[in-house]
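Please look over the sequence and the model shown here, and then work through the questions on how its features come to be classified.

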Amino acid sequence: MVLLSLRSHCLQRFSTCRRLHASPALRSEPGISNPAQYCKELVRKHDYESYLTSQLYPKRFQGGYFALRAFYIELATVREAVSQTTLGQARLMFWRDAMKDIYNDKPPRHPIALAIHEATRYNHLPLYHFNRIIEAREQELHNQTHLTLESMTSHAESTSSTFLYLLLAMLNLSSSTLAHAASHVGVAQSLTTFLRALPFHATKGVMVIPAEITSKHNVNQQEIFSKMESSHGLEDAVFELATVANDHLLTARDMFKESGGRVPPVAVPVFSAAIPVVSILSTLETVNFNVFDPSLQIRDWRLAWQVWRSYYKRTF
């Protein structure tokens, strides 16, 4: 009886956490009245690079793009937004249930959910892509670090690459070549994002570079966490992971070698996601792979021009 009572208490507490912490935006009436604008502002505020590339999408797809990107940002920030794993699980459970309701034409009163529901009315967006991202973020709650590069790459494919699959689906682009190229761009994007965010994660005592790489270069993690500065070993580790990211970009470009490296016009907006990646890798090289260099956290004033140049050249 004591065990049953304890189980009942735990379930009740988890249910309460789920209701209270599913998402603050549930109480945002302005967001409810204008979900599209809410998503657009969220992307502009939290992901300036994606906001820049959004301008390349045809007008009829921009609402869907902002809805998908806002969903991605919402899930990507769950781990940092909660103080307990159970609260993060509650948020992700909310989104798992929300996606079911969206596809049953019963979206919850949440601006992002309403915007996604609107997008699904006019585009074929496979539910399993959403669920794959949710599952990856749930695993992230329990395992904040990666032991191997293979594990990190798998996580990137389940998040960044899967998001690009959703964008291809939104544009009704079902080519296996495009999907393969998008997979590699997504991995490159994820790895460079981790590298740029390394100082932030280090403040929380988390090393984002896989252990098999840091151990190879004798990186003293505790020293990095306490001093919050780079070291020769860390720069070598960063260089190795950045090289992997660049190799994925090169592989993605090779998928278009028959067309001279030019991406099909309709797919250019999706592959513009690679432009900020190229910018970050270039900056890393300039600062000798010192991830603590302040220039990595400053917006590249040339990025807008680079995005438009990429659009007209159809390259990345």
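What follows is a set of questions and answers on a predicted model.

Q: How do you know that the overall dimensions of the chain agree with those of a compact globule?
A: A compact globule with 316 residues would have a radius of gyration near 20 Å, and the chain has 20 Å, so the value agrees with the rule. Along the principal axes, the C-alpha atoms fill a box of roughly 60 × 50 × 35 Å. Of the 316 residues, 51% count as buried, and the chain contains 18 helices and zero strands.

Q: What makes Leu178 count as buried or exposed?
A: The relative accessibility of Leu178 is 7%, and the term buried applies under 20%, so Leu178 counts as buried. Leu178 lies in helix α11, which covers residues 176-196. Its C-alpha atom is separated by 7.9 Å from that of Met255, although the two residues are 77 residues apart along the chain.

Q: How are Ala90 and His201 classified, buried or exposed?
A: Ala90, in helix α7, has a relative accessible area of 0% and is therefore buried, since the limit for that term is under 20%. His201, in helix α12 (residues 198-202), has 9% relative accessibility and so counts as buried as well. Ala90 and Glu138 are 48 residues apart in sequence and 10.0 Å apart in space, C-alpha to C-alpha. For His201 and Ala188, which are 13 residues apart in sequence, the C-alpha to C-alpha separation is 19 Å.

Q: Why is the pair of Phe71 and Trp95 called by the name it has, stacked or edge-to-face?
A: The ring centres of Phe71 and Trp95 are 5.6 Å apart, and their planes stand at 80°. Rings pair if their centres lie within 6.5 Å, and planes over 60 degrees apart count as edge-to-face, so the pair of Phe71 and Trp95 is edge-to-face. This pair links distant parts of the chain, with Phe71 in helix α5 (residues 59-76) and Trp95 in helix α7, 24 residues apart. Phe71 is buried, with a relative accessible area of 1%, and Trp95 is buried with a relative accessible area of 1%.

Q: What makes the pair of Phe271 and Phe316 stacked?
A: The rings of Phe271 and Phe316 lie 5.7 Å apart, centre to centre, with 15° between the planes; because planes under 30 degrees apart count as stacked, the pair is given that name. Phe271 belongs to helix α16 (residues 268-271) and Phe316 to the segment after α18, 45 residues apart, and the pair links distant parts of the chain. Both Phe271 and Phe316 are buried.

Q: How many aromatic pairs are there, and which residues form one aromatic cluster?
A: The count comes to 15 aromatic pairs. Phe71, Phe94, Trp95, Tyr103 and Phe130 form one aromatic cluster.

Q: How do you know that Arg69 and Arg137 lie over the faces of rings?
A: Arg69 is placed 4.7 Å from the ring centre of Phe163, over its face, and Arg137 is placed 5.3 Å from the ring centre of Tyr72, over its face. The distance limit for this arrangement is within 6 Å of the ring centre, so the values of 4.7 Å and 5.3 Å satisfy that part of the rule.

Q: What makes the phi of Asp105 and of Arg314 worth a remark?
A: Most residues other than glycine have a negative phi. Asp105, which is not a glycine, has a positive phi of about 60°, and Arg314, also not a glycine, has a positive phi of about 60°. Asp105 sits in the loop between α7 (85-103) and α8 (111-122), and its relative accessibility of 58% means that it counts as exposed, the limit being over 50%. Arg314 sits in the segment after α18 (303-313), and at a relative accessible area of 23% it is partly exposed.

Q: Which residues lie nearest the centre of the largest pocket, and how is its lining composed by class?
A: The largest pocket has a volume of about 1,300 Å³ and is lined by 47 residues, of which His46, Asp47, Arg69, Thr193 and Arg196 lie nearest its centre. By class, the lining has 22 nonpolar, 14 polar and 11 charged residues.

Key
Residues numbered from 1 in each chain as written. Predicted model: local features only at pLDDT ≥ 70, side-chain atom pairs only at ≥ 80, totals over all residues. Heavy atoms only, no water. 1 Å grid on protein atoms, 1.4 Å probe; cavity = no way out; pocket = protein on both sides within 12 Å on 5 of 7 lines; lining within 4 Å. Points joined across faces, edges and corners; volume = space filled by probe spheres on them. Nonpolar A, V, L, I, M, F, W, Y, C, P; charged D, E, K, R; others polar. Helix = DSSP H or I, 4+ residues; strand = E, 2+ residues; numbered from the N terminus. Buried < 20%, exposed > 50% of the residue type's maximum accessible area, 1.4 Å probe, protein only. Phe/Tyr/Trp six-rings, centres within 6.5 Å; stacked < 30°, edge-to-face > 60°. Lys NZ or Arg CZ within 6 Å of the ring centre and 35° of its normal. Rg over C-alpha atoms; globule rule 2.2 N^0.38 Å.
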